[in-house]
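Reader: I would like to go through a model feature by feature. Please start with the strands and end with the pocket.

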Amino acid sequence: QVQLVESGGGSVQAGGSLRLACTSEGYTYGNYPTVAWFRQAPGKEREGVTATYTRTHSTKYADSVKGRFTISQDNAKNTLYLQMDSLKPEDTAMYYCALGIRSPAWGLLFSMAEYSYWGQGTQVTVSS
């Protein structure tokens, strides 16, 4: 059974940075064709933040985070990262990592249905 564990969330002032990590048990990220970060703010639907095709490293970012967030992975450590800079209050949400077992079309990278494994989430709170 694949298990994902997120860490690194916390409270930060606007303009600050956080780095989220997502570790896995029992497998290697490179063996899964897609990895992603999603987030869900209170009262809102879960939305895609960024997603990567692990074999080509082609990456998609939501417009709201482009230029501020960066996804990366360390296969040796089985860890996926989300570097978040220039944080804004609207970035406040629970953040989830996800793994996909297939390579969806670019337009489906932010579709939750394309991901088979999810972490439990880590809370990020940005104050103004």
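Author: What follows takes strand pairing, then two residues at a hairpin, then the pocket. The model is predicted.

Reader: How many bridges join strand E7 to strand E8?

Author: Strands count as paired if at least two bridges are found between them. Here E7 (residues 69-74) and E8 (residues 79-84) run antiparallel and are joined by six bridges. Ile71 has Leu82 in E8 as its bridge partner.

Reader: With which strands does E3 pair?

Author: E3 (residues 18-25) pairs with E1 (residues 3-7) in the antiparallel sense, over five bridges. Within that pairing, Val5 is matched with Thr23 in E3. E3 also pairs with E8, again in the antiparallel sense, over six bridges. Arg19 stands opposite Gln83 in E8.

Reader: Which residue in the hairpin of E7 and E8 takes a positive phi?

Author: Four residues lie between the two strands of that hairpin, and Asn78 takes a positive phi near 50 degrees. Asn78 is in the loop between E7 and E8.

Reader: Is Asn78 buried or exposed?

Author: The cut-off matters here: buried means under 20% relative accessible area. Asn78 has 17% relative accessibility, so it counts as buried. Leaving out residues up to four places away in sequence, Asn78 touches Cys22, Thr23, Ser24, Tyr27, Thr28 and Tyr29.

Reader: And is Thr79 buried or exposed?

Author: Thr79 belongs to strand E8. Its relative accessibility is 5%, and therefore Thr79 counts as buried.

Reader: What is Thr79 in contact with, beyond its neighbours within four places in sequence?

Author: The contacts of Thr79 are Ala21, Cys22, Thr23, Tyr29, Ser72, Gln73 and Asp74. A separation along the chain can be set beside one in space: Thr79 and Thr28 are 51 residues apart along the chain, and their C-alpha atoms are separated by 8.7 Å.

Reader: Which backbone oxygen lies 2.9 Å from a polar atom of the Thr79 side chain?

Author: That of Lys77. A polar contact is a pair of N or O atoms within 3.5 Å.

Reader: Now the pocket. How many residues line the largest pocket, and which of them lie nearest its centre?

Author: The lining has 13 residues, and those nearest the centre are Arg39, Ala41, Lys44, Glu47 and Glu90. The space in this largest pocket is about 180 Å³.

Reader: How do the lining residues divide into nonpolar, polar and charged?

Author: Eight residues of the lining are charged, three are polar and two are nonpolar.

Key. Residues are numbered from 1 along each chain as its sequence is written. This is a predicted model: local features need pLDDT of at least 70, side-chain atom pairs count only at pLDDT 80 or more; totals for chains, interfaces and linings use all residues. Side-chain values use heavy atoms; hydrogens and water are left out. On a 1 Å grid over the protein atoms alone, a cavity is a set of points where a 1.4 Å probe fits but cannot get out, and a pocket is an open set with protein on both sides within 12 Å along at least five of seven lines; lining residues have an atom within 4 Å of a point. Grid points are joined across faces, edges and corners, and a volume is the space filled by probe spheres set on the points. Ala, Val, Leu, Ile, Met, Phe, Trp, Tyr, Cys and Pro count as nonpolar, Asp, Glu, Lys and Arg as charged, and the others, Gly among them, as polar. Buried means under 20% relative accessible area, exposed over 50%, partly exposed in between (1.4 Å probe, protein chains only). Contact means heavy atoms within 4.5 Å. A polar contact is a pair of N or O atoms within 3.5 Å; within protein, one must be able to donate a hydrogen and the other to accept it, and residues adjacent in sequence count only if both atoms are side-chain atoms.
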